Amino acid sequence: MQEVKKVSVKIGKGELVFETGKIAKQTSGTVYAHYEGSAVIATVCSGRQPSEPLDYVPLSVEYNEKYYAAGKIPGGFLKREARPKDKEILVSRLIDRPLRPLFNKAFGREIQIVPTVVSSDMSNTPDVIAMNAASAAVLISDIPFNGPIGAVRIAMVDGKYVVNPTFAEIEKSTMDIIVAGTRSGITMVEGGGKEVSEEVMLAAIDAAQPVIVALCDAQLELQKIAGKEKLPIIESKVDLSWLVPVKAFAEPLIKVASFVKGKMERYAALSVAQDQVKEKFAEELAEDPKREGQLSNLFEELEYEILRDSILNHGLRTDGRPVDKVRPITCEVGLLSKTHGSALFTRGETQSLATTTLGTSSDEQMFDTIDGDKYFSNFMLHYNFPPYSVGETGRLGTGRREIGHGHLAQRALIPVIPSKDQFPYTIRVVSEIMESNGSSSMASVCGGCLSLMDAGVPIKKPVAGIAMGLITEGADYSKYVVLSDILGEEDHLGDMDFKVTGTKDGITAFQMDIKIAGVTPEIMTKALAQAKEGRLHILDIMDKTLKAPREDISELAPKILTMKVDEEKIGAVIGTGGKTIKAIAAQSGAEVNIADDGTITIYGRTSAAANLAKELVKSIIEEPEVGRIYEGTVKRIMDFGAFIEILPGKEGLCHISKLSKERVQNVEDVLTVGQVIPVKLMEIDRQNRLNLSYVDALPSK
């Protein structure tokens, strides 16, 4: 039997243990990682044979959580784990992003990493365990890898930084971020805060660095005792000398085309330039079918060099902007007449059509996870990126990118969403990307915020977002430029994609991916300061469009009313077998719910329905008031008078002498059963009997 190898490292309050050699021994690499009562098995496998040279890493990460890990059975009709939940997709992206740049494209084999949560104590978060386990599994495998990476969660609880906080600590924290990196520096940050300052965010990232180094050292120790020999990378020995004259001819053409204003116009100009090159060197291209791909790589290399040189040495971007300038912004609200709230946010060639829909508690999103009991959320944000937004055809659907961008925008807005007690609605925001040329997730934050305000949601403060970029030169990155509001090309060809959202008072969400070995504190400080300037600029433009949430919600939105009754009157509202509360719902057309503490929530599709239901409830719990005039219904007629119901279940006697100023011989001469008449409550006697008067309720002549 193969010997089990293990190493451990102290992280936060517990010890993270990496083991290998016992489980899943037919993989390229397997690590069983456990921290307190939570455990993850991470496996990695690669294809048996390398494929044709690729210009990307064929990596897939499939993080999955098993319900048995927490002693639970999946809900729903199928009692087994099915398609990935949004959380599993988000964690898969968290693992993929810091690992992908550390694989060599020349390896050429498909790589699949599968971290599986097999034990959960519902106290310690398994996602960070999975990130470290995945890195360790690849490191000890036979797959070439420039890692490891370490990952740690940092929260701020009661003004102090907590390493690897529990779910309970995260719940009461003001900031929660996951930081990943190598021994050389930080490569990824993901998380959010409740309007935290740039200084707090920087200090949190700084606090993560020594923990990441310790995690990397533990994995390297495991590699020493259990690592496999790495498979060879077959370097290409293709003769590219034919490209030398091609590059000399193509470079000036590509340079001119790269600075044509407008995304589609620029793409068209680049296409014309490339066609000119292909026509010029048609004979050389025809000699080998592989040369078409080599030429495409040359075009991308030229764009990369031209763009970076222009920014670093001339401070000029492809669209002509200075490095710190945000593209022109226009905002419009209320453009869709039948939605509860709508906004069109356009920044340059990126545009989000955002809508807000208000619903009732029955519209809440239910989450069934291994983290604890089922819970409900009354705020959701969905992001859609149709192919027409970039002028292409394709299938409509929700992929991992859509889920990731939607989650980032939702996280950005959550800190300003009112509590259920303040605003008892379920809120759904949808961002439809109409055009895209970079930063569509940040446009979703801005457009989503405006649509919330247009719908009358009393958010605490407006939120805006901006995407930043970075271009560096030299091994020590001594020469660098931070870019505000990056374009799609700058994202693809730059060294960093850095998104920051927040109010005028602080950061609410943060996402950073770095493609180089590490970023210095100086660069991070400058990037955050420049991002704040851009965010405040965008907030100022949004403020000119809509300063604050509308005072009233849309007439098209459901009306939700709340009221409180004494607990001893709950039975009266419900009635025998629910008869009374059902009658209220039937008469008003509204839904009426009552809690054990006497809180009544009324949901009406119209204001009239909700208000009628509220009046009916009030009439049940209301106590008769002497001197007040009621609209009463004649229930019974006697020789001496009539019994009239003035409130549900409360009848009084109107004596025959109180029917008219004139003498009345027979009650039936004045009243009929079922007739509705005004009556005045004259007295509540010692036996709690109600004495009514019809004549005193009539207007005096």
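Glu190 is buried, with a relative accessible area of 9%, in what is a predicted model. This residue belongs to strand 11, which covers residues 186-196, and its side chain forms polar contacts with the side chains of Arg97 and Arg411. The points below take up Glu190, then Phe510 and the nonpolar core, and finally helix 5.

**Glu190 and its surroundings**
- The side chains of Glu190 and Arg97 are joined by a polar contact of 2.9 Å, while the polar contact between the side chains of Glu190 and Arg411 is 3.2 Å.
- Beyond residues up to four places away in sequence, Glu190 touches both of these arginines, along with Leu94, Asp176, Ile177, Ile178, Phe510 and Gln511.

**Phe510 and the nonpolar core**
- The largest nonpolar core has 139 residues, and Phe510 is among the members that touch the most others, together with Phe18, Phe103, Ile113 and Met542.
- Phe510 is also in contact with Glu190 and, among other residues outside its neighbours within four places in sequence, with Val189, Gly191, Met201, Ile205, Phe498 and Leu528.

**Helix 5**
- Helix 5 comprises 15 residues (243-257), for which a rise of 1.5 Å a residue gives an expected span of 21 Å, and this agrees with the 20 Å between its end C-alpha atoms.
- A bend of about 35° occurs in helix 5 at Ala250, and Pro252 is a proline that follows within four residues.
- Ala250 is also one of the buried residues of helix 5, the others being Leu243, Val246, Ile254 and Ala257, and the elements covering these buried residues include helix 6 (263-280) and helix 8 (291-314).

Methods
Residues numbered from 1 in each chain as written. Predicted model: local features only at pLDDT ≥ 70, side-chain atom pairs only at ≥ 80, totals over all residues. Heavy atoms only, no water. Helix = DSSP H or I, 4+ residues; strand = E, 2+ residues; numbered from the N terminus. Buried < 20%, exposed > 50% of the residue type's maximum accessible area, 1.4 Å probe, protein only. Polar contact = N/O pair within 3.5 Å; in protein donor to acceptor, adjacent residues only side chain to side chain. Contact = heavy atoms within 4.5 Å. Expected span 1.5 Å × (residues − 1). Bend = angle between axes of the 7 residues up to and from the residue. Core = buried A, V, L, I, M, F, W, Y, C linked by side-chain atoms within 4.5 Å.
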